[in-house]
Amino acid sequence: MRQLQHTEPGRYEWREVADPTIEQPGQALVHPLAVACCDLDVAVSQGRLPLPPGYAVGHEGVAEVVAVGDGVTSVRVGDRVVVPFQINCGTCRECRRGVTGSCGSLPLLAMYGMGPIAGLDGGGFMSDLVSVPHADAMLIRVPDGVDPVAIASLSDNIPDGWRTVAPFADELAGLDAADRRVLVVGRLSIGLYATAFAAALGAQVDYVDTDPQRLSAAEKLGATVHDRPKPAKEWDPYPVTVNTSADPAALAATLGATWPDGVCTDTGIYYQPVELGLLPLYTRGVRFVTGRVNARAAIPPVLDLLAAGADLSPVLDRVVAWEDAPSVWPAMTGKTVYTRD
């Protein structure tokens with residue numbers, strides 16, 4: 001089968017590799033139909049996350065089931081499914097409590113499409129076939145009539161945006177209407193998804209970014225946009241704040257704009273030590289949330305919000321033919337979806 005691989009810095013190529021086969025009763029094989037780039041894929045292509053080449057790419061997508069083991073009961077051949085980017089067993093203690101990103105039966109960071117940093121590399125979604133070792137635990141059927149392109153990012157970035165605001169929906173709903181406010185400091189797609197879900201939950205959203213295209217998308221999603229961050233003291237504090245920029249200065253400003261006993265979620269990955277200033281956070285009782293999304297656990301409630309009418313289409317930057325992936329992948333600047341005919 002063919003598989004898109006990162007072969008050298010700035011270069012991606014189709015390579016022929018052996019087809020995966022059914023080897024375990026709980027396994028499934030899927031044929032990717034629509035694959036989205038993750039924000040990390042863009043960071044790699046732009047050199048901000050310099051991963052060594054030699055791995056298969058793609059870890060967000062919708063696929064069709066083409067084979068299942070004898071023990072698989074939740075999906076069947078022909079079903080369209082979302083494949084979470086993290087591999088999880090569904091039965092260990094961590095999986096049972098919803099921490100599917102840290103499955104206790106598998107090495108930490110077991111996942112698809114990011115081989116050099118994966119504890120277990122599942123291969124890439126930009127392939128003719130992908131093996132899913134725990135099909136009943138992982139695969140989620142796509143509701144009838146849903147466009148695969150619209151939800152191609154449901155494996156990772158969409159739930160990553162959802163988890164920054166949706167867990168605090170009841171807190172927001174209990175406030176006076178004027179106080180149901182969310183601040184999102186954005187970069188690439190996750191901040192835009194957070195904006196979409198905050199607006200869908202009835203919050204007033206202020207979105208901060210420096211990119212005109214993302215500012216326009218945030219406006220379409222219902223946010224008031226700002227092309228530069230204000231000093232924290234100039235914001236009217238927010239009960240819920242989100243920083244997706246991976247910028248320490250922006251994180252400090254976002255934390256400073258969080259009101260007493262409010263919550264700030266940061267989705268960024270920081271490769272150097274970051275000083276948080278714990279005394280001000282302690283004094284105001286700010287709750288700080290960091291860490292990886294538990295994608296499999298988050299996808300079903302995300303689908304509920306999408307079924308209720310949440311529109312994520314403004315986040316999409318472009319749709320590209322599957323065959324054009326080697327030339328487009330290294331030049332990506334935003335949410336890109338690759339589709340087969």
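The exercises below, each with a worked solution, deal with the two domains of a predicted model and with its aromatic pairs.

Residues are numbered from 1 along each chain as its sequence is written, and side-chain values use heavy atoms, with hydrogens and water left out. Because the model is predicted, local features need pLDDT of at least 70 and side-chain atom pairs count only at pLDDT 80 or more, while totals for chains, interfaces and linings use all residues.

**Exercise 1.** Describe how domain 1 and domain 2 meet.

Start with the bounds, which come from an automatic or database domain assignment: domain 1 covers 2-156 + 293-339, and domain 2 covers 160-290. Next, take the contact (heavy atoms within 4.5 Å), to which domain 1 gives 21 residues and domain 2 gives 19 residues. Then turn to the buried area (accessible area, 1.4 Å probe, that two parts lose on being put together, summed over both), which is about 1800 Å², with 70% of it from carbon and sulfur atoms. On the side of domain 1, Asp39, Leu305 and Val315 lose the most area, together 30% of what that side buries. Finally, count salt bridges (a side-chain nitrogen of Lys or Arg within 4 Å of a carboxyl oxygen of Asp or Glu): there are zero between the domains.

**Exercise 2.** Find the aromatic pair that Tyr12 forms, and state what it ties together.

Apply the rule that rings of Phe, Tyr and Trp (its six-membered ring) pair if their centres lie within 6.5 Å, with planes under 30 degrees apart stacked, over 60 edge-to-face and the rest tilted; the count comes to four aromatic pairs. Tyr12 pairs with Trp329 at 6.2 Å centre to centre, and the 50 degrees between their planes make the pair tilted. Since Tyr12 and Trp329 are 317 residues apart in sequence, the pair ties together distant parts of the chain.

How values were computed. Helices (H or I, at least four residues) and strands (E, at least two) are DSSP runs, numbered from the N terminus.
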